[in-house]
Amino acid sequence: MKCWAGLSVVVYKIDRLSRSLMDFAKLLALFDQFEREMIAERTRDKMAAARKRGKWLGSRPPYGYLGDHDKKQLVVCEDEAERVRTMFRMYLRLGSVNAVAKRINDLGWMKKHHRTKAGREIGGGRWRDKDVHLVLRNATYLGKVDFKGELYEGEHEAIVSEELFARVQAVLSSKACGRGSRRGRNPEYLLQGIAWCGLCEK
């Protein structure tokens with residue numbers, strides 16, 4: 001008898017399944033592969049359901065939060081959270097992710113660093129334009145969970161208000177120049193790949 005994904009194949013003799021030892025081995029490999037695929041699908045479904053319930057799944061916590069692995073929740077790190085709120089307000093004042101990145105680097109702020117299970121330190125370093133942009137676009141700071149483009153109420157505490165977040169999104173969207181497809185390499189664009197727009201990073 002071979003069981004997988006809640007189903008069973010039952011034979012009273014091995015040769016009833018296959019008279020060829022090679023074919024029998026191939027069938028077992030097929031059953032095992034099918035079982036692995038079903039387990040992976042159930043895992044994906046379980047993770048999707050958890051995301052829709054607003055749960056944190058143990059990935060690297062974003063800047064402003066720490067991960068409580070026992071409770072499986074994001075917990076506000078107040079020092080970082082205040083810096084996140086400052087970045088949002090600073091962007092409204094300066095109107096440029098480039099200017100925000102420069103200002104916070106001048107202040108000596110560093111990106112979040114993580115320690116892997118193997119003990120290796122990753123992350124940290126200076127803020128780049130795209131790092132600031134990712135923070136400003138991250139709906140996690142609203143207390144939401146983004147799953148496949150849909151927002152769900154998260155179990156974690158919000159860091160920024162909906163009003164502040166919406167104002168920043170409006171300004172970001174209004175400055176989204178050059179967000180279309182990139183031009184191919186052209187000798188007329190001598191600074192392509194060297195210089196970027198301070199508003200949209202393109």
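Mentor: Helices and strands here are DSSP runs, with at least four residues for a helix and at least two for a strand. The model is predicted.

Trainee: Which pattern does the protein follow, read along the sequence?

Mentor: The order is β-β-α-α-β-β-α-α-β-β-α-β-β-α. That comes to six helices and eight strands.

Trainee: How much of the protein is buried?

Mentor: Of its 202 residues, 31% are buried. The exposed surface is about 13700 Å², and carbon and sulfur atoms supply 53% of that. Now take contacts with a separation of 6 or more. Residues 24 or more positions apart account for 51% of them.

Trainee: Let us take one helix. What should helix 6 span?

Mentor: Count 1.5 Å a residue. Helix 6 covers residues 162–174, 13 residues, so it should span 18 Å. Its end C-alpha atoms are 18 Å apart, which agrees.

Trainee: Which residues of helix 6 are buried?

Mentor: Start with the general idea. An α-helix has 3.6 residues a turn, so residues three or four places apart point the same way. Now the case. Leu164, Phe165, Val168, Gln169 and Leu172 are buried in helix 6. They cover an arc of only 130 degrees around the axis, so they lie on the same side of helix 6.

Trainee: Which residues are exposed on the other side of helix 6?

Mentor: Glu162, Glu163 and Ser174 are exposed there.

Trainee: What covers the buried residues of helix 6?

Mentor: Look for contacts to other elements. The cover includes helix 3 (78–94), helix 4 (97–106) and helix 5 (129–137).

Technical notes
Residues are numbered from 1 along each chain as its sequence is written. This is a predicted model: local features need pLDDT of at least 70, side-chain atom pairs count only at pLDDT 80 or more; totals for chains, interfaces and linings use all residues. Side-chain values use heavy atoms; hydrogens and water are left out. The expected span of a helix is 1.5 Å times one less than its number of residues. Buried means under 20% relative accessible area, exposed over 50%, partly exposed in between (1.4 Å probe, protein chains only). The arc is that of the directions from the helix axis to the C-beta atoms. Contact means heavy atoms within 4.5 Å. Accessible areas come from the Shrake-Rupley method with a 1.4 Å probe; for residues, only the protein chains shown count as cover.
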